[in-house]
Amino acid sequence: MERAFEFIVNHYILVSIFAVLLIGLILLETRRGGKKVSPQAAITLINRDEAIVVDIRERKDFAEGHIVGSIHIPLSALKDRHGELKKHKDKQIIVADKMGQHAAAAVKQLNTDGYENVVRLAGGISEWKGSNLPLKKK
């Protein structure tokens, strides 16, 4: 521990730059894709606030199982098909993808298109399955 303190004192410029970059990375990641909600919080939003789930996975993945009542708009078509969500503009929108990696881009796109109440499902459908929550198959 003494050596770490000695390193910090001797290389304060290097440590300062590292700290600034680390804080910048954390801020960028938290603002990048909006808020995340857990599967349990998503259930609450769906049941209480009548939130709309938008599933951005590909057709094959969507057919294997999706959240009941979700709207299927693949990420590649979201820019062209966001008009399908106009009637739900005043409701909370939950974006779900396979593992939570691509939902941030969809949230950003929907925010750009004027949708304000958009969140992403933390961990995506994989986390939903991991929580033993039901999926509907076509």
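In this predicted model, the side chains of Arg48 and Asp49 come together in a salt bridge with an N to O distance of 3.4 Å. That pair belongs to a structure in which a search of the whole finds 4 salt bridges, and the burial of the partners is set out below for three of these pairs. The strands, for their part, form an open sheet of 5 members with parallel pairing.

**Salt bridges and the burial of their partners**

- Side chains of opposite charge can pair when their charged atoms come close.
- In the Arg48 and Asp49 pair, Arg48 counts as exposed, because its relative accessibility of 60% lies over the 50% cut-off, whereas Asp49, at 37% relative accessibility, counts as partly exposed.
- Asp55 forms a salt bridge with Arg57, in which the closest N and O atoms are 2.9 Å apart.
- Both partners of this bridge are buried, since each falls under the 20% cut-off: Asp55 has a relative accessible area of 1%, and Arg57 stands at 7% relative accessibility.
- Glu84 forms a salt bridge with Arg81, and here the closest N and O atoms are 2.7 Å apart.
- Glu84 is partly exposed, with a relative accessible area of 37%, and Arg81 is likewise partly exposed, with a relative accessible area of 28%.

**The parallel sheet and the helix packed on it**

- Strands of a sheet pair through backbone hydrogen bonds, either parallel or antiparallel.
- Here the pairing is parallel, and the 5 strands of the open sheet follow the order β1-β5-β4-β2-β3.
- The edges of the sheet are formed by β1 (36-37) and β3 (71-72), each of which pairs on one side only.
- The pairing of β1 with strand β5 (residues 118-121) runs in the parallel sense over 2 bridges, and Val37 stands opposite Leu121 in β5.
- Helix α6 (residues 103-112) packs on the sheet, where α6 touches β4 (93-96) as well as β5, and the direction of the helix makes about 170° with that of β5.

**Arg31 in helix α2**

- Arg31 has its place in helix α2, which spans residues 12-32.
- The residue is classed as exposed because the relative accessible area of Arg31 is 68%, over the 50% cut-off.
- Between Arg31 and Asp61 the separation is 30 residues in sequence and 28 Å in space, taken from C-alpha to C-alpha.

Technical notes:
Residues are numbered from 1 along each chain as its sequence is written. This is a predicted model: local features need pLDDT of at least 70, side-chain atom pairs count only at pLDDT 80 or more; totals for chains, interfaces and linings use all residues. Side-chain values use heavy atoms; hydrogens and water are left out. Helices (H or I, at least four residues) and strands (E, at least two) are DSSP runs, numbered from the N terminus. Buried means under 20% relative accessible area, exposed over 50%, partly exposed in between (1.4 Å probe, protein chains only). Two strands pair if DSSP finds at least two bridges between them. Contact means heavy atoms within 4.5 Å. Axes are lines fitted to C-alpha atoms, for helices over the stretch in contact, and angles run from 0 to 180 degrees between N-to-C directions.
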